[in-house]
Amino acid sequence: MYKNIALISLLFGLTTGPAWPGPALAADPSAGQKIAETWCVSCHTVSGRTAGRDTAPPFDLIARRGTFDRDRLLQVLSDPHPPMPKVHLSRQQLDDVIAYIHSLRPPD
């Protein structure tokens with residue numbers, strides 16, 4: 001009987017308890033590549049596809065820069081500056097794109 005009460009209490013707590021954010025999903029480089037191929041390829045070279053503009057650096061070049069910094073890249077992608085268009089991506093999508101760019105870095 002006590003097991004049933006404990007189980008019911010646990011289930012009730014899980015469905016009615018306080019809402020807190022769950023653990024963040026791990027960044028997915030392959031999802032980031034798909035996002036980049038959809039939204040970024042018109043200006044950047046992504047996955048070997050030619051860029052639409054000469055002024056936008058290829059993603060592999062961004063990855064190889066000695067100054068590669070995930071936080072800085074997140075800042076740039078979250079609040080892009082002209083001529084970069086505002087693309088409204090979720091935090092998870094931004095993390096995925098950054099993970100994709102990071103995956104292009106040569107091994108240390």
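**Helix 4 meets helix 5**

Colleague: Hi! Is the crossing of helix 4 and helix 5 left-handed or right-handed?

Modeller: The crossing of helix 4 and helix 5 is right-handed (the near helix is turned clockwise from the far one by less than a right angle; anticlockwise would be left-handed).

Colleague: Which residues make the contact?

Modeller: Helix 4 brings Arg 70, Leu 73, Leu 74, Leu 77 and Ser 78, and helix 5 answers with Arg 91, Leu 94, Asp 95, Val 97, Ile 98, Ile 101 and His 102 (contact is heavy atoms within 4.5 Å). This is a predicted model, where local features need pLDDT of at least 70, side-chain atom pairs count only at pLDDT 80 or more, and totals for chains, interfaces and linings use all residues. Numbering runs from 1 along each chain as its sequence is written, and side-chain values use heavy atoms, without hydrogens and water.

Colleague: At what angle do the two helices pack?

Modeller: Helix 4 (residues 70–78) and helix 5 (residues 91–103) pack at about 130°, and their axes are 10 Å apart (axes are lines fitted to C-alpha atoms over the stretch in contact, with angles from 0 to 180 degrees between N-to-C directions). That is why helix 4 counts as oblique to helix 5 (not under 35, over 145 or 65 to 115 degrees).

Colleague: New topic: how many helices and strands are there?

Modeller: The protein has five helices and zero strands, giving the pattern α-α-α-α-α along the sequence (DSSP runs, H or I of at least four residues for helices, E of at least two for strands, numbered from the N terminus).

Colleague: And what share of contacts join residues at least 24 apart?

Modeller: That share is 54%, among contacts between residues at least 6 apart in sequence.
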